[in-house]
Amino acid sequence: MRFFLGVQGKFVLIASLCIFIFAGFGGYLIIKREEKLYTEDTIHQAKIIAEISGVIFTNALVYKELGLVENVGLTDYLDYYVSDMMHKDKRIIYLVVLDPDGKVLSHSNIREYGKKYTDPVTQKALRAENLTVQRLKTVDGIDMVDVATPLKISTKSWGVCRIGFSLEEVNKGVNALRNEIISMVSLMLIGSLVVIGFSGKAFATPLVNLAKTMDRITEKGNLDIQYPEPSRRYDEIGRLQASFSWMISRLREANREKMKTMDLMCQTEKMATVGNLAAGVAHEINNPLGGVILCFKNFTETDMDEKSRKMHIEVINSGLLKIQNTVQGLLDFARKTPIAIAPSSISSILDESLRLVDSLLAKKGITVVKELCADMPLVPVDSDKIEQVFLNIIINAVHAMGEEGTLFFASRREGGMCLVSITDTGPGIDPEVLPRIFDPFFTTKEPGKGTGLGLAVCKSIIEQHGGRIEVVSEKGNGARFIISLPIRETEKT
C-alpha cells in the first residue's frame, strides 16, 4: 500500500488504469463490430437459401397447379428437397413449406406434417409481401433467425417457405474472439506494467533521492549532510536536481553566515556581561574596601584610645565580611551548586517561606492572600532552593511596598507545568529597568543595601530545574513574578 503513495506507485497505477480502460473499451468495440458482421453474414446466407428454396418450391407448386405433377409426386419432391437441405447445411434447424392457410405441406420434422400453424411468427410471414427475418430463440435457448419467403407469382400465392437458421456458430465465433481479445489485453497489460514499472522507477528514483535527502536534513537539522551527486539530466527532473543542489549550497552558505553572526553576537554579549560583572564587583567591593583602607590607615598611623581602636577593628571586620559575602554570592551564581531533586509540595514550600517572614510581614502590616491549587501534584524540586527563590521574591516585594500592602500567592497547573505567581501592590518596576531585572549585580536599591545577585541567583535556580521565571509589571500597579516548574522528573545537575 505504501508503494502506491509514492510518485512511482501513482505513476504505475494511473498508467495501468489508462491502458486497462482504453484497451478494454477498444476490445469491446471490436467484439461488437465482429459480432454484427458475423450475424449479418449468417443472415445473408440464410436469405439466399430461403430465396433459392422459395423459387424451387414455387415452381413445383406451379407444376402441380398445371397438372404436370400429382399430389403424391409433389409431396415426395418437397420432402426430398427438405431432407437434402437439412443434410447439406447443419445450421438449418427446420425447413417448412406452408400453404396460404398455414397448413404444413412439407417439414423437416415429419411429425409436423398436416398441422396448421397459427402462431404470430407464421401469421406475420403469411401476411408479408417480401422476405422477412425474425430473431428468435429455440426452446433450448439457442439464438436463431426465422427467414420466410413468400411462394407467389404476381398476385397468386401458394403459401410461404420458412427456414430456421441457427446463430450458435456466430456466438461461438464471438466467444472465441472475446477470449482472444481478453488474452491479448491481459498480455498487453502485463507487458505494459513491466515497462511502466521500470520507466516509473527511472523517473521517480531522482525524486525519491531528493525527498530522502530533504527528510534527513529536516530530521537532523544538519545542512552539511552529504548526498550522492545526481546524474546529469536535461529534462525537468534534471533542472529540479540542479535547483535543489543550488538551494542546499545557498542554505549552507547562509547557515555559515548565521553561525558567524551568532558567534560574534555571543562574543559581544559575553564581553558586555564581563564588563557588567566587573563593574558590579568593583562597585560592591570598592565601597567597603575604601572604609577598610581608611580605618587601617588611621589604625596604623595615629594613636587612638582603646574605644576608637575597637571601633576601627569592627569597621574593618564589617567591611571584609561584606567583601566576603559579595565574592561568595558571585561564586554561588557562577558555580550553580548541585540541586537535590525530590517530589515536594509547592504549597508547603510557600507556607514555610511565609512562616520565615511572618514577623516581617506583620511588622510591615502586609496582608497575605493565597489562591493555591488544591489538587496540585508533587513537583520534583529542591525544596531548599525553591524556598530561597520564594523568600528572595517576597523580601524584594516587602521592600518595594514599604509600609502596608498586599501579597497575592496563586498556583495552578497548565499542561505539564506548575505555575506559581507572586504579586505585590508596590510601585511597580520602570520599563527601562524591567529587561535588566535578572542581570547579575543589577539593583535599584541604595548602595550597600543589596548585592544585585538575588534575582540572578533565583533565575539560575529555576533554570536548573528546567523551569522559567518572568516578571510582569506596570509603573504604579505592582509587579508579578511568574515561576513555571515542570511537573515531570527533571535531570539532576
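**Figure 1. Overall dimensions of the predicted model.** The radius of gyration here (taken over C-alpha atoms) comes out at 56 Å, whereas a compact globule of 493 residues would sit near 23 Å. That globule figure follows a rule of 2.2 Å times the number of residues to the power 0.38. Along the principal axes, the C-alpha trace spans about 185 × 60 × 35 Å. The secondary structure adds up to ten helices and twelve strands; these are DSSP runs numbered from the N terminus, with helices being H or I of at least four residues and strands being E of at least two. Buried residues are 36% of the 493, where buried means under 20% relative accessible area, exposed means over 50%, and partly exposed is in between (1.4 Å probe, protein chains only). About 30,500 Å² of the protein is exposed surface, and carbon and sulfur atoms supply 58% of that; the areas come from the Shrake-Rupley method with a 1.4 Å probe, and for residues only the protein chains shown count as cover. Of the contacts with a separation of 6 or more, 65% are between residues 24 or more positions apart, a contact being heavy atoms within 4.5 Å.

A note that goes for every panel: this is a predicted model, so local features need pLDDT of at least 70 and side-chain atom pairs count only at pLDDT 80 or more, while totals for chains, interfaces and linings use all residues. Residues are numbered from 1 along each chain as its sequence is written, and side-chain values use heavy atoms, with hydrogens and water left out.

**Figure 2. Helix α9 packing on helix α10.** Helix α9 (residues 383-401) and helix α10 (residues 454-464) pack at about 145°, with their axes 10 Å apart. Axes are lines fitted to C-alpha atoms, for helices over the stretch in contact, and angles run from 0 to 180 degrees between N-to-C directions. The crossing of α9 past α10 is left-handed, meaning the near helix is turned anticlockwise from the far one by less than a right angle (clockwise would be right-handed). On the α9 side look for Lys 385, Ile 386, Gln 388, Val 389, Asn 392, Ile 393 and Asn 396; they meet Gly 454, Leu 455, Val 457, Cys 458, Ile 461 and Ile 462 of α10. This contact divides into eight nonpolar residues, four polar and one charged. Here Ala, Val, Leu, Ile, Met, Phe, Trp, Tyr, Cys and Pro count as nonpolar, Asp, Glu, Lys and Arg as charged, and the others, Gly among them, as polar.

**Figure 3. Helix α10 and what comes after it.** Eight of the eleven residues of α10 are buried, so the rest of the structure largely encloses this helix. The buried ones are Leu 455, Ala 456, Val 457, Cys 458, Ser 460, Ile 461, Ile 462 and Gln 464. After α10 comes Gly 466, with a positive phi near 80°.

**Figure 4. Ser 353 of α7 against Glu 387 of α9.** Ser 353 belongs to helix α7 (residues 346-356) and is buried, at 0% relative accessibility. Beyond its neighbours within four places in sequence, Ser 353 contacts Glu 387, Phe 390, Leu 391 and Ile 394. Glu 387 sits in helix α9 and is also buried, at 17% relative accessible area. With the same neighbours set aside, Glu 387 is in contact with Ile 349, Glu 352, Ser 353 and Leu 356. Far from this view, the C-alpha of Tyr 94 is 115 Å from that of Glu 387, 293 residues apart in sequence.

**Figure 5. Glu 404 in the loop after α9.** Glu 404 lies in the loop between α9 and β9 (405-414). Its phi is near 65°, a positive value in a residue other than glycine. Glu 404 is exposed, with a relative accessible area of 58%.

**Figure 6. Ser 421 in strand β10.** Strand β10 (residues 417-423) holds Ser 421, which is buried with a relative accessible area of 15%. Not counting residues up to four places away in sequence, Ser 421 touches Phe 408, Phe 409, Ala 410, Arg 480, Phe 481 and Ile 482.

**Figure 7. Ile 217 in helix α4.** Ile 217 is part of helix α4 (residues 168-220) and is buried at 9% relative accessible area. Its contacts, leaving out residues up to four places away, are Asn 222, Leu 223, Ile 225 and Ile 248.
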